[in-house]
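Q: I'd love a close look at one part of this model, followed outward to whatever it touches on. Could you walk me through it?

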Amino acid sequence: GAIGAVVEGVGAEIFMGLVNLGDVSKDSNVIHGAVSNERAWILNVIKASLSTDSNPYRPRLAFFQSHVLGLARKCDSGSAGDNLTAVEASIQRSRVIDLWCLFPSFCL
């Protein structure tokens with residue numbers, strides 16, 4: 001799709017630096033800084049674009065540590081929040097896994 005072409009064109013690192021994956025709403029039930037429900041699908045697009053051998057823009061491990069790991073930590077801490085249902089907590093835990101699934105691509 002179009003988003004995948006953009007990720008491949010500029011690289012995952014630049015894309016993730018420009019596109020806010022977090023939720024910026026004022027809702028008190030939202031885990032601020034974690035990956036929003038509306039943008040979670042972008043993680044799969046990023047993963048798919050990183051898996052292509054033709055991508056000349058390999059992301060740096062330091063970017064994973066400074067950016068992706070921070071998102072994973074916020075999702076993880078959010079999953080333990082008292083204001084979430086069991087389903088919402090499970091969704092946040094699955095986001096942690098989705099973010100960690102990007103890790104191998106940062107190690108090439």
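Which helices each supply at least two residues of the nonpolar patch?

A: Happy to. Helix 1 (2-10) and helix 2 (12-18) each supply at least two of the patch residues, where helices are DSSP runs of H or I with at least four residues, numbered from the N terminus. Please keep in mind that this is a predicted model, in which local features need pLDDT of at least 70 and side-chain atom pairs count only at pLDDT 80 or more, while totals for chains, interfaces and linings use all residues. Residues are numbered from 1 along each chain as its sequence is written, and side-chain values use heavy atoms, with hydrogens and water left out.

The patch itself consists of V6, V10, I14 and L18 and covers about 360 Å² of nonpolar surface. Patches of this kind take residues with over 30% relative accessible area and no salt bridge, joining nonpolar side chains (Val, Leu, Ile, Met, Phe, Trp, Tyr) within 5 Å and like charges within 9 Å. The areas come from the Shrake-Rupley method with a 1.4 Å probe, and for residues only the protein chains shown count as cover. V6, for instance, belongs to helix 1 and has a relative accessible area of 39%, which makes V6 partly exposed; buried means under 20%, exposed over 50%, and partly exposed in between.

Helix 2 also takes part in a salt bridge, that is, a side-chain nitrogen of Lys or Arg within 4 Å of a carboxyl oxygen of Asp or Glu. The count comes to one salt bridge: E13 pairs with R60, with 2.5 Å between the closest N and O atoms. Because E13 lies in helix 2 and R60 in the loop between helix 3 and helix 4 (61-79), the pair ties together parts that are 47 residues apart in sequence. The two partners have their own settings: E13 is buried at 18% relative accessibility, whereas R60 is partly exposed at 48%.

Since that loop follows helix 3, let's stop at S49, which sits in helix 3 (residues 41-50). S49 is buried, at 1% relative accessibility. A polar atom of the S49 side chain lies 2.9 Å from the backbone oxygen of I46.

One last check concerns cysteines: a search of the whole structure finds zero disulfides, a disulfide being a pair of cysteine sulfur atoms within 2.5 Å. C101 is partly exposed at 32% relative accessibility, and C107 is partly exposed at 43%.

How values were computed:
Buried < 20%, exposed > 50% of the residue type's maximum accessible area, 1.4 Å probe, protein only. Polar contact = N/O pair within 3.5 Å; in protein donor to acceptor, adjacent residues only side chain to side chain.
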